[in-house]
Amino acid sequence: MTAPSTTPPDTTTAADRPSSPTGPPPSDVAVSVRDVYKVFGRRPVEAIRRLEQGASRDDVKALGTAAVIDASFDVRRGEIFVVMGLSGSGKSTLIRMLNGLWKPTSGHVLVGGTDLAATDAKQLRALRRRSVSMVFQHFALLPHRTVLDNAAYPLEIQGVAKAERREKARRALDLVGLGGWEDSLPSQLSGGMRQRVGLARALAADTDVLLMDEAFSALDPLIRREMQEQLLDLQQRLGKTIVFITHDLNEAMHLGDRIAVMRDGRIVQIGTAEQILSDPANDYVAQFVADVDRTRVLTASSVMVRPAVVVPVSGGPRQASRAMREAQVSAAYVVDRQRVLHGVVRDDDAVAALRAGKETIGDLVHDGVAPVSPDTPLAEIFAPAAESSLPVPVTDAEGRLVGVVPRVTLLEAMVPADQPRTGEIDLGTAPDAVASTEGGAA
């Protein structure tokens, strides 16, 4: 991919940055990076001063190599935060500062509220043992130790008794699907299995934060995808805080709760996969995501619109037919007082019931098109949308109607838009509210 030649400004929003550069991070923040610069060279202080005045990385070459420039973000507890960028963007330097291997030239890196820049070597070793584990790209296993002893190694360094550490390592190996391989040597394992040992080693240490530096990039594509799925499964069960470094956009989109895009040492955008895909911060990010399969990233919640007509299941045919006539649609969605979707009613059925003197529409309701959840990928909505003339309803975990996806909106979402449509749609507290005509039902 060919990148534009101009260096983009930092376009992260205030919401992405810590609220205070000096105070302690909020309790739900596991890792906090605040105004961090890392400059290698003879005159780093002068280089930083010029960078703060708007100079680019190339402008300060004579003073030093600016690897990371003014990075600020918080990683929330229990999230997968992906740092993505091409080679030379600064992401590997950043993760080395997160585990304390390198200290910032300027700024602060806080892990669990402890500023790594202010800790001595002894405190830093203790912090790593207690709070941070690392999973490397090339496995970093000890070749003459068994799988079990490799997984137990961090606990051995911590001084945990042999029986206890081997039991914890055995449980971690079971979690990553390597039960039964405890007595094997790394040379007897495939690449994917060796990476599982590395992941088990990090899990056995039971630290708050996992740092994963290009952890899957050395694997074959099929094994890589399998490891990604396993990581997501483990995260759902264990709720670890994970900072994942990658140069692969699809991997970032698949794994990240939020993604930080880096270029030339700067973070140019932070957001969810949907936010970055639907609303790129600048031309560089837009070009970066141009070839992404939007149907696999965007979900129903990002494109759903307000249904044209919603009527209560206890209502009458006159109310239903009038609402459909005013909205110029041929069907209405039927909900109860909790907004739970019961189905749809057609205009001809409502008119026929009105002529027959019926007082309610309860027996006119039919299933219509099967609903989808807000997090359903668009790729899975095309089939139901093609099989029905009605927009596909979107319901939450309690079955409440939160929006609809018309076919035209579904097709429109395949084309990059200036502004994303995100968030749950409020249908109002009254079940008989007739919504605006943004999403037709016919």
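**Group meeting: helices, sheets and cores of one chain**

I'll start with helix H7, where Leu222 and Gln236 are exposed. Before going on: this is a predicted model.

So what lies on the other side of H7 from those two residues? The buried residues of this helix are Arg224, Met227, Gln228, Gln230, Leu231, Leu234 and Gln235. Looking down the axis of H7, these buried residues fall within an arc of 170°, so they line one face of the helix. You'll notice that the list contains Arg224 and Gln228 along with Met227 and Leu231.

What do the buried residues of H7 pack against? There are three helices on the list, H5 (162-175), H6 (191-204) and H8 (249-255). The strands are S3 (80-84), S7 (209-213) and S8 (241-246).

As a check on the geometry, H7 covers residues 221-238, which is 18 residues. At 1.5 Å a residue the helix should span 26 Å, and its end C-alpha atoms are 25 Å apart, so the two agree. Gly239 follows H7, and its phi is positive, near 65°.

Next, the sheet in this part of the chain. Six strands form an open sheet in the order S6-S7-S8-S3-S9-S10, and the pairing is mixed. At the edges stand S6 (132-135) and S10 (266-271); each has a single partner strand, so one side of each is left without a neighbour in the sheet. On average, neighbouring strands here are turned by 20° against each other, if direction is ignored.

At the S10 end, strand S9, residues 258-263, is joined to S10 by five bridges, and the two run antiparallel. One residue pair to look at is Ile259, whose bridge partner in S10 is Gly271. Towards the other end, helix H6 lies across S6 and S7, running at about 180° to S6.

That brings me to the cores. In general terms, nonpolar side chains in soluble globular proteins tend to be buried together. Which residues have the most contacts inside the largest nonpolar core? They are Met212, Phe244, Met253 and Ile259, in a core of 76 residues. Helix H6 gives the most to this core, with seven residues.

Phe244 deserves a slide of its own. Leaving out residues up to four places away in sequence, Phe244 touches Ile80, Phe81, Val82 and Val83, and also Met212, Ala215, Phe216, Leu231, Glu251 and Leu255. Leu231 is one of the buried residues of H7 we started with.

There is also a second, separate core of 29 residues, which includes Ala30, Leu124, Val132 and Ile267.

On to the other sheet. This one is open too, with four strands in the order S2-S1-S4-S5 and antiparallel pairing. The edge strands are S2 (65-76) and S5 (114-115), each with a single partner strand, so one side of each is left without a neighbour in the sheet. Strand S4, residues 106-111, pairs with S5 over two bridges. In that pairing, Val111 stands opposite Thr114. Helix H2, residues 91-98, packs on this sheet and touches S1 (29-40), S2 and S4; its direction makes about 120° with that of S1.

Further along the chain is helix H13, residues 317-327. Which of its residues are buried? Pro317, Ala320, Ser321, Ala323, Met324 and Ala327 are. Seen down the axis of H13, they fall within an arc of 160°, so they line one face of the helix. On the other side, Arg318, Arg325 and Glu326 are exposed. The cover over the buried residues of H13 includes strands S11 (310-312), S12 (331-335) and S13 (341-346), as well as helix H14 (347-355). Just after H13, Gln328 has a positive phi of about 60°.

One loop residue before the totals. Ala290 sits between helix H10 (283-288) and helix H11 (294-297). Is Ala290 buried or exposed? Its relative accessible area is 53%, and exposed means over 50%, so Ala290 counts as exposed. Its C-alpha atom is separated by 8.3 Å from that of Leu277, which is 13 residues away along the chain.

Last, the whole chain. There are 442 residues, and 51% of them count as buried. The chain has 16 helices and 15 strands. Of the contacts with a separation of 6 or more, 67% are between residues 24 or more positions apart.

Note on methods
Residues are numbered from 1 along each chain as its sequence is written. This is a predicted model: local features need pLDDT of at least 70, side-chain atom pairs count only at pLDDT 80 or more; totals for chains, interfaces and linings use all residues. Side-chain values use heavy atoms; hydrogens and water are left out. The expected span of a helix is 1.5 Å times one less than its number of residues. Buried means under 20% relative accessible area, exposed over 50%, partly exposed in between (1.4 Å probe, protein chains only). The arc is that of the directions from the helix axis to the C-beta atoms. Contact means heavy atoms within 4.5 Å. A nonpolar core is a set of buried Ala, Val, Leu, Ile, Met, Phe, Trp, Tyr and Cys residues joined through side-chain atoms within 4.5 Å. Two strands pair if DSSP finds at least two bridges between them. Axes are lines fitted to C-alpha atoms, for helices over the stretch in contact, and angles run from 0 to 180 degrees between N-to-C directions.
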